[in-house]
Amino acid sequence: MPGAEVMLKLELFQHGGSFKARGALLNLLRLDEAQRARGVTAVSAGNHAIAVAFAARALGVGAKVVMASTANPARIAAARAYGAEVILGGDAAQSFARAEQIARDEGRFLVHPFEGETTALGTATLGLELAEQMGRLDAIVVPIGGGGLAGGVASAIRALQPDCRIHGVEPAGADAMSRSFAAGTPVRLEKTATIADSLAPPMALPYSYELCRSAVDAIVRIDDDAICHAGALLFREMKLAVEPAGAATTAALIGPLSEELRDARTAVIICGANIDIEGFNQMVRRGEATP
């Protein structure tokens, strides 16, 4: 991409190791004293649980977070290190159900991992920073899991730089938002299968879907080999150790978007880096073996 100017937004250095701190902290700041006293709960493959644990400790709120039984051990340890009680909840659907039960039974506030106005306002701060720090942009490449990040960022940029093109990126094995765009309504997937588990909720939901539908120009899908290849590239060339989800946008930049963005001034969001050494090693080795 010889004519491109590419800038990376390094959310892997955010509190909790991902962009998720933005929405989690704003959700907790908006709680009244009575609700703070009852505490909060959350459901997550890892990054959101860590962010809620961080925000809860910062504000003196009790947190009980539900994480998938397949969650990376390093993420479980990080959430516990921030003081949260961690419950392993099975698969994604079972984890959501367990967190909802905790909210009902204990009166805890459920901090959703991607849905809702408050979360979108939190992630919109990232869009504001892109405009303030990088100036005029032709394009932004943003990862999409449930759409909380993409919806907030895209909405902010639409207000600030309406001509900037917003490219969403989804794993091919967890493409709920792409399918929702095609169907014209939020859809639920029967299963997800991707190395980028932080971008693999089993469904899209109405609020985030509507934000993305109104503000994201297009979504590209990338496979796991491309993600691993981009993760290895970021480590080799930029000395950045990212999780698979954090490499997704780079995979799109050097892959399906390379021709469209070859002369563009582009911001690429690197969303997180919560991964253990062995998992990172496996990703890089796979990436180095991918042409």
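## A tour of helix packing around α7, α6 and α3

Helices α7 and α9 are oblique to each other, because their axes meet at about 45 degrees, an angle that is neither under 35 nor within 65 to 115 degrees. The model on display is a predicted one.

**First selection: α7 and α9.** Select residues 148-160 for α7 and residues 206-215 for α9. The two axes lie 8 Å apart, and the crossing is left-handed. On the α7 side, the contact is formed by Gly148, Ala150, Gly151, Gly152, Ala154, Ser155 and Arg158. On the α9 side, Ser208, Leu211, Cys212 and Ala215 take part. Sorted by class, this contact comprises 5 nonpolar, 5 polar and 1 charged residues.

**Second selection: α7 alone.** Hide α9 and keep α7, a helix of 13 residues. From its first C-alpha to its last, α7 reaches 19 Å, close to the 18 Å expected at 1.5 Å a residue. Which residues of α7 are buried? They are Gly148, Leu149, Ala150, Gly151, Gly152, Val153, Ala154, Ala156 and Ile157. To see what covers these buried residues, restore the surroundings: the cover includes the helices α6 and α9, together with the strands β6 (139-143), β7 (165-171) and β9 (265-270).

**Third selection: α6 and α1.** Since α6 is part of the cover over α7, proceed to residues 117-134, which form α6, and add residues 21-29, which form α1. The axes of α1 and α6 come within 7 Å and cross at roughly 130 degrees. This pair is therefore oblique as well, and α1 passes α6 in a right-handed crossing. Show the side chains at the contact: Arg22, Gly23, Leu26 and Asn27 belong to α1, and they meet Thr118, Thr119, Leu121, Gly122, Thr123, Thr125, Leu126 and Glu129 of α6. By class, the contact of α1 with α6 contains 3 nonpolar, 7 polar and 2 charged residues.

**Last selection: His48 in α3.** Centre the view on His48, which is found in helix α3, residues 47-59. Is His48 buried or exposed? His48 counts as buried, because its relative accessibility is 3%, and the cut-off for buried is under 20%. Now display its contacts, leaving aside neighbours within four places in sequence. His48 then touches Lys20, Ala42 and Val43, and also Val111, His112 and Pro113.

Terms used:
Residues are numbered from 1 along each chain as its sequence is written. This is a predicted model: local features need pLDDT of at least 70, side-chain atom pairs count only at pLDDT 80 or more; totals for chains, interfaces and linings use all residues. Side-chain values use heavy atoms; hydrogens and water are left out. Axes are lines fitted to C-alpha atoms, for helices over the stretch in contact, and angles run from 0 to 180 degrees between N-to-C directions. Helices (H or I, at least four residues) and strands (E, at least two) are DSSP runs, numbered from the N terminus. Angles under 35 degrees count as roughly parallel, over 145 as roughly antiparallel, 65 to 115 as roughly perpendicular and the rest as oblique. A crossing is left-handed if the near helix is turned anticlockwise from the far one by less than a right angle, and right-handed if clockwise. Contact means heavy atoms within 4.5 Å. Ala, Val, Leu, Ile, Met, Phe, Trp, Tyr, Cys and Pro count as nonpolar, Asp, Glu, Lys and Arg as charged, and the others, Gly among them, as polar. The expected span of a helix is 1.5 Å times one less than its number of residues. Buried means under 20% relative accessible area, exposed over 50%, partly exposed in between (1.4 Å probe, protein chains only).
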